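Reader: I've got a new model open and I'd like to talk it through with you. Can you show me what we're dealing with?

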Amino acid sequence: MKGAFLVSEQLELGALVLAALRDAGAEVTADGVGQLRDEQGRLFTVFARLDPNEGWDWRDGPVTHVGEGPKPDMQVSSACWIECRWEELFVANVRALALALADKSWALDGDGVLWPAEDVDAARVRL
């Protein structure tokens, strides 16, 4: 499955993302999974509760920062895993989540590129 991480220095990121997804009409489960289905039946699935012992897969890798401003301190950040097969759907929903969050957020793609969540390029992001 194609996917990327949503990263923020907000410790309560998972709960905030699930609330935003619920407000957008997503199905949200008790175990922290939110799933939006668009009018074409395509899915955008967020796993909001990641095992903190597995943070190495998004915290420790080499990261190339794209865009304006500083990148987050990955050692104190939180993350959600997002699965989506369509780059344009991923970008639209990540932008919507970024607008719903009070603090800055980033998308970390499969090539280790850290994008400001509101400025992910659908043609260049690697899910």
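Author: What follows is a run of questions and answers on this predicted model.

Reader: Let's start simple. What pattern of helices and strands does the protein follow along the sequence?

Author: Counting up the pieces gives 3 helices and 8 strands. Writing α for a helix and β for a strand, and reading along the sequence, you get β-α-β-β-β-α-β-β-α-β-β.

Reader: And what is the radius of gyration of the protein?

Author: The C-alpha atoms fill a box of roughly 35 × 30 × 25 Å along the principal axes. For 127 residues the globule rule gives 14 Å, and the protein comes close to that, so it is as compact as a globular protein of that length. The radius of gyration itself is 13 Å.

Reader: What share of the contacts between residues at least 6 apart in sequence join residues at least 24 apart?

Author: One example of a distant pair is Lys71 and Leu114, which are 43 residues apart in sequence and in contact. Over the protein, the share of such contacts that join residues at least 24 apart is 64%.

Reader: How about the surface: what percentage of it belongs to carbon and sulfur atoms?

Author: Of the 127 residues, 45% count as buried. The accessible surface comes to about 6800 Å². The part that belongs to carbon and sulfur atoms is 50%.

Reader: For a quick electrostatics check, how far apart are the mean positions of the positive and negative charges?

Author: There are 12 positive and 22 negative charges to average over. Take the mean position of each set, and the two points are apart by 4 Å.

Reader: Now the sheet. Which are the edge strands?

Author: It's an open sheet of 8 strands with mixed pairing, in the order β2-β3-β4-β6-β1-β7-β8-β5. An edge strand here pairs on one side only. That picks out β2 (27–28) and β5 (64–65).

Reader: Starting from the β2 end, which residue of β4 is the bridge partner of Gln35?

Author: β2 and β3 (residues 33–37) pair in the antiparallel sense over 2 bridges, with Glu27 opposite Gln35. On the β4 side, 5 bridges join β3 to β4 (residues 43–47), again antiparallel. The bridge partner of Gln35 in β4 is Thr45.

Reader: Which residue takes a positive phi in the hairpin of β3 and β4?

Author: The hairpin of β2 and β3 has 4 residues between its strands, and Gly32 in that turn has a positive phi of about 90°. The hairpin of β3 and β4 has 5 residues between the strands. There, the residue with a positive phi, near 85°, is Gly41.

Reader: Let's move to β7. Are the residues on its two faces buried or exposed?

Author: In a regular strand the side chains alternate between the two faces of the sheet. In β7, Ser105 and Ala107 lie on one side, with Trp106 and Leu108 on the other. Both faces are covered, and all four of these residues are buried.

Reader: Which residue of β8 is the bridge partner of Ala107?

Author: β7 (residues 105–108) has β1 (residues 3–8) as an antiparallel partner over 4 bridges, where Phe5 stands opposite Leu108. β7 also runs antiparallel to β8 (residues 113–116), over 3 bridges, and the two form a hairpin with Gly112 in the turn. Within β8, Ala107 has as its bridge partner Trp115.

Reader: Is Lys71 buried, partly exposed or exposed?

Author: Lys71 is found in the loop between β5 and β6 (78–83). Beyond its sequence neighbours, Lys71 is in contact with His65, Trp106 and Leu114. Its relative accessibility is 45%, and the exposed class needs over 50%. Lys71 therefore counts as partly exposed.

Reader: Last one: what is the relative accessible area of Val125?

Author: Val125 sits in the segment after β8. Leaving out residues up to four places away in sequence, Val125 touches Glu87, Phe90, Asp109, Trp115 and Val120. Val91 is 34 residues away in sequence, with a C-alpha to C-alpha distance of 8.8 Å. Val125 is buried, and its relative accessible area is 0%.

Methods: Residues numbered from 1 in each chain as written. Predicted model: local features only at pLDDT ≥ 70, side-chain atom pairs only at ≥ 80, totals over all residues. Heavy atoms only, no water. Rg over C-alpha atoms; globule rule 2.2 N^0.38 Å. Buried < 20%, exposed > 50% of the residue type's maximum accessible area, 1.4 Å probe, protein only. Contact = heavy atoms within 4.5 Å. Areas by Shrake-Rupley, 256 points an atom, 1.4 Å probe, with all protein chains shown as cover. Lys, Arg positive; Asp, Glu negative; His and termini not counted. Charge placed at Lys NZ, Arg CZ, Asp CG, Glu CD. Pairing = 2+ DSSP bridges.
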